[in-house]
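Student: How do I read the pockets of a protein and the ligand in one of them? Please take me through a case.

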Amino acid sequence: MTLCVASCAAAQNWDAMRESMVREQMERRGIRTPAVLKALRETPRHLFVPEALRRSAYNDHPLPIGHGQTISQPYIVASMTELLGVRPGDKVLEIGTGSGYQTAILARLAGRVYSMEIVEPLAKEAAARLKEMGLRNVEVRAGDGYRGWPEEAPFDRIIVTAAPPELPPALLAQLKNGGRLVAPVGREWQELVVVDKDLDGRIRQRTEYPVVFVPMVPRAK
Ligand code: SAH
């Protein structure tokens with residue numbers, strides 16, 4: 001009995017678990033941007049995973065969130081956010097809302113975040129969760145990310161958290177001159193790609209490291 005009480009209390013010490021996640025999984029592996037670390041410290045990841053998995057929320061791996069989808073490994077969220085280089089006031093497009101965890105991090109860094117999710121129930125749950133957390137600068141739309149969000153384009157930053165086989169042309173078109181896009185690209189073999197569009201609209205791209213993401217589902221033909 002005593003043991004149970006002690007371990008239950010320890011398991012629910014979310015703040016301590018989050019602090020050690022940030023120190024061990026992010027700072028020790030080289031995540032340095034203060035605003036990114038602050039956003040990670042302020043975002044309660046355990047509220048973005050199914051209740052039965054909460055105790056694993058701060059562990060060093062992805063977790064299932066239902067509908068065959070996953071919440072990404074914490075380090076990957078941190079690293080992609082750092083690579084994206086969001087500035088205060090930026091207008092950000094995210095493709096693949098999933099749980100809304102990455103969305104919440106972005107909302108703390110950007111001016112406004114537009115997030116698209118193709119699985120409607122996930123979009124609804126994430127929107128409700130983000131609203132409940134008081135993040136008012138976020139809009140979630142159920143829809144196909146291959147089309148982007150033309151009504152709100154262009155965007156300063158675009159982040160994709162499901163892997164398309166190639167960079168979707170609509171997303172490149174909706175990136176501002178001087179803007180940046182970060183996406184996992186590939187099929188079985190995927191790499192994290194960083195695209196910069198210069199002030200004349202020219203595209204430069206580089207690959208960072210191999211990744212494993214759920215595929216970005218093809219648009220209806
Ligand atoms: N960033 C998320 C991780 C989501 S996993 C998080 O922090 O939880 C990738 C998500 O992309 C899944 O929810 C999947 O349904 C969604 N997705 C896949 N193809 C898509 C598409 N064409 N358009 C929009 N979302 C898509």
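Tutor: Start with the elements, meaning helices (H or I, at least four residues) and strands (E, at least two), which are DSSP runs numbered from the N terminus. Here β2 gives the largest share of the lining of the largest pocket, 3 residues. The model is predicted, so local features need pLDDT of at least 70 and side-chain atom pairs pLDDT 80 or more, while totals for chains, interfaces and linings use all residues. Numbering runs from 1 along each chain as its sequence is written, and side-chain values use heavy atoms, without hydrogens and water.

Student: What is a pocket, and which residues lie nearest the centre of the largest pocket?

Tutor: On a 1 Å grid over the protein atoms alone, a pocket is an open set of points where a 1.4 Å probe fits, with protein on both sides within 12 Å along at least five of seven lines; lining residues have an atom within 4 Å of a point. In this model 35 residues line the largest pocket, and Q69, T70, T161, A162 and V214 lie nearest its centre.

Student: Where does the ligand sit?

Tutor: A molecule sits in a pocket if more than half of its atoms lie within 2 Å of the pocket's grid points. The ligand sits in the largest pocket.

Student: Which polar contact does the side chain of T161 make with the ligand?

Tutor: A polar contact is a pair of N or O atoms within 3.5 Å. An N or O atom in the T161 side chain is 3.2 Å from a nitrogen atom of the ligand. For Q102, a backbone N or O atom lies 3.3 Å from a ligand oxygen atom. A polar backbone atom of G96 is 3.3 Å from a nitrogen atom of the ligand.

How values were computed:
A polar contact is a pair of N or O atoms within 3.5 Å; within protein, one must be able to donate a hydrogen and the other to accept it, and residues adjacent in sequence count only if both atoms are side-chain atoms.
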